[in-house]
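Here is a friendly walk through a protein you may not have met before. Have a look at the sequence and the picture, then read on.

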Amino acid sequence: MTGQHDDHHPDGPATDLPVDAPEMPEPQVREVPAHAIAGGLGLLLTVLGVIAGAALAVVGGAVGADGNNGVGVPLLVVGVFVVIASFFCMSGVKMVAPGEARVIQLFGRYVGTIRADGLRWINPFTTSQKISTRVRNHETAVLKVNDAYGNPIELAAIVVWKVEDTAQALFEVDDFLEFVATQTEAAVRHIAIEYPYDAHEEDGLSLRGNAEEITEKLAVELTARVKAAGVRIIESRFSHLAYAPEIASAMLQRQQAGAVVAARQQIVEGAVGMVEMALIRIAEQDIVELDSERKAAMVSNLMVVLCGDRAAQPVLNTGSLYQ
């Protein structure tokens, strides 16, 4: 039972079924690339700054020791300042692992996101926060709800998703992991109460009989619910679907009765066709002439033989046709 869609579709899956999802507010912030330079270059410059500052401090100390404090003290102060500034700038070197991004803020204001993996150097006055952009799975607990007919059922779903907009994921909702989990459960419950487990009407949609269509709608509704958090739904599917234990036996008997009725109907239709064919062949080939009473008896006997659960044990008439 799957509800898949094209992973490259920017707006999620498409379906002809109506979607009844809440209207989320427009996002206040969207992801933009952060300004950064190669981390190797930034690390090299800061290391050179530390070396240069240390050299100035040593030279200043040596000159001051010779009694020339007018030159030595300024050099010493400048050298110490350069060393401290270089170490401070070194804190701007950030490592970004594959499948991760770093969201950059300057004094609380969002300034951009780094997605390129490797070492990057950013403004040391900014702060960064890691966020995973890998594909994730979320499986709901087994939920007990009433379907469209009021029957208690149990169902659970697995959702495959990933963060698409890091700024929205961090700043539009309190906790995007909890948000996705809550909205997934809400969507599964909403789908469950809209459709029956088994449809009584022949052309009606049901959770068991139309799993592809229902899970497709689940994916569309989930996409609409989590879009505000910058999350993209890749796939959704039901991992568990069954009647609740208290009515499972009764519903099993109902399903078995329906299967027996359907099988009997097919057997009767076939038997009627065989009896009709037998009467036509007997009449065409003029094997024996049967009056209405004998035809009725023949039809009755053939229907008993063809529709019976056990092999028939006929009583053979060794006399004439009418004795």
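## The overall picture

Start with the outside: the protein's accessible surface is about 19,200 Å², and 58% of that belongs to carbon and sulfur atoms. Keep in mind that this is a predicted model. Of the 323 residues in the protein, 35% are buried.

As for the building blocks, there are 7 helices and 11 strands. Look at contacts with a separation of 6 or more, and you'll find that 72% of them join residues 24 or more positions apart.

## A nonpolar patch outside

Some of that surface forms a nonpolar patch, made up of I37, L41, L43, L44, L45, V47, L48, I51, M95 and L119. Together they have about 890 Å² of accessible area.

Which helix gives the most to the nonpolar patch? That would be helix α1 (residues 39-65), with 7 residues. L48 is a handy one to pick out: it is found in helix α1 and counts as partly exposed because its relative accessible area is 45%, in between the cut-offs of 20% and 50%.

## Helix α2 and its contacts in space

Next, find helix α2, which covers residues 69-90 and includes F81. Is F81 buried or exposed? It is exposed, since its relative accessible area of 59% is over 50%. Count along the sequence from F81 to A54 and you get 27 residues, while in space the two are 9.6 Å apart, C-alpha to C-alpha.

A85 also has its place in helix α2. With a relative accessible area of 27%, A85 is partly exposed. A85 and T46 are 39 residues apart along the chain, and their C-alpha atoms are separated by 8.6 Å.

## A small open sheet

Now for some strands. An open sheet is formed by 3 strands, in the order β5-β4-β7, with antiparallel pairing. Why is one side of β5 and of β7 left without a neighbour in the sheet? Both β5 (109-114) and β7 (127-132) stand at the edges, so each has a single partner strand. From one strand to the next, the twist averages 25°.

Zoom in on β4, residues 100-106, and you'll see its antiparallel pairing with β5 over 5 bridges. In that part of the sheet, L106 has R109 of β5 standing opposite.

## Salt bridges

Side chains of opposite charge can pair when their charged atoms come close. The structure holds 7 salt bridges, and a few are worth a visit. One of them joins R30 and E26, with 3.9 Å between the closest N and O atoms. R30 is partly exposed at 49% relative accessible area, whereas E26 counts as exposed at 58%.

Another brings together the side chains of E185 and R189, at 3.4 Å from N to O. Both residues lie in helix α4 (residues 176-194), and their spacing of 4 residues is about one turn of the helix. E185 is partly exposed, with a relative accessible area of 33%, and R189 is partly exposed too, at 34%.

Then there's the salt bridge between E194 and K217, whose closest N and O atoms are 2.6 Å apart. This pair links distant parts of the chain, 23 residues apart: E194 sits in helix α4 and K217 in helix α5 (residues 211-226). Here E194 is partly exposed, with a relative accessible area of 30%, but K217 is buried, because its 2% falls under the 20% cut-off.

Methods:
Residues numbered from 1 in each chain as written. Predicted model: local features only at pLDDT ≥ 70, side-chain atom pairs only at ≥ 80, totals over all residues. Heavy atoms only, no water. Pairing = 2+ DSSP bridges. Helix = DSSP H or I, 4+ residues; strand = E, 2+ residues; numbered from the N terminus. Axes fitted to C-alpha atoms, helices over the stretch in contact; angles between N-to-C directions. Buried < 20%, exposed > 50% of the residue type's maximum accessible area, 1.4 Å probe, protein only. Contact = heavy atoms within 4.5 Å. Areas by Shrake-Rupley, 256 points an atom, 1.4 Å probe, with all protein chains shown as cover. Patch = residues over 30% accessible without salt bridge, like charges linked within 9 Å, V, L, I, M, F, W, Y side chains within 5 Å. Salt bridge = Lys/Arg side-chain N within 4 Å of Asp/Glu carboxyl O.
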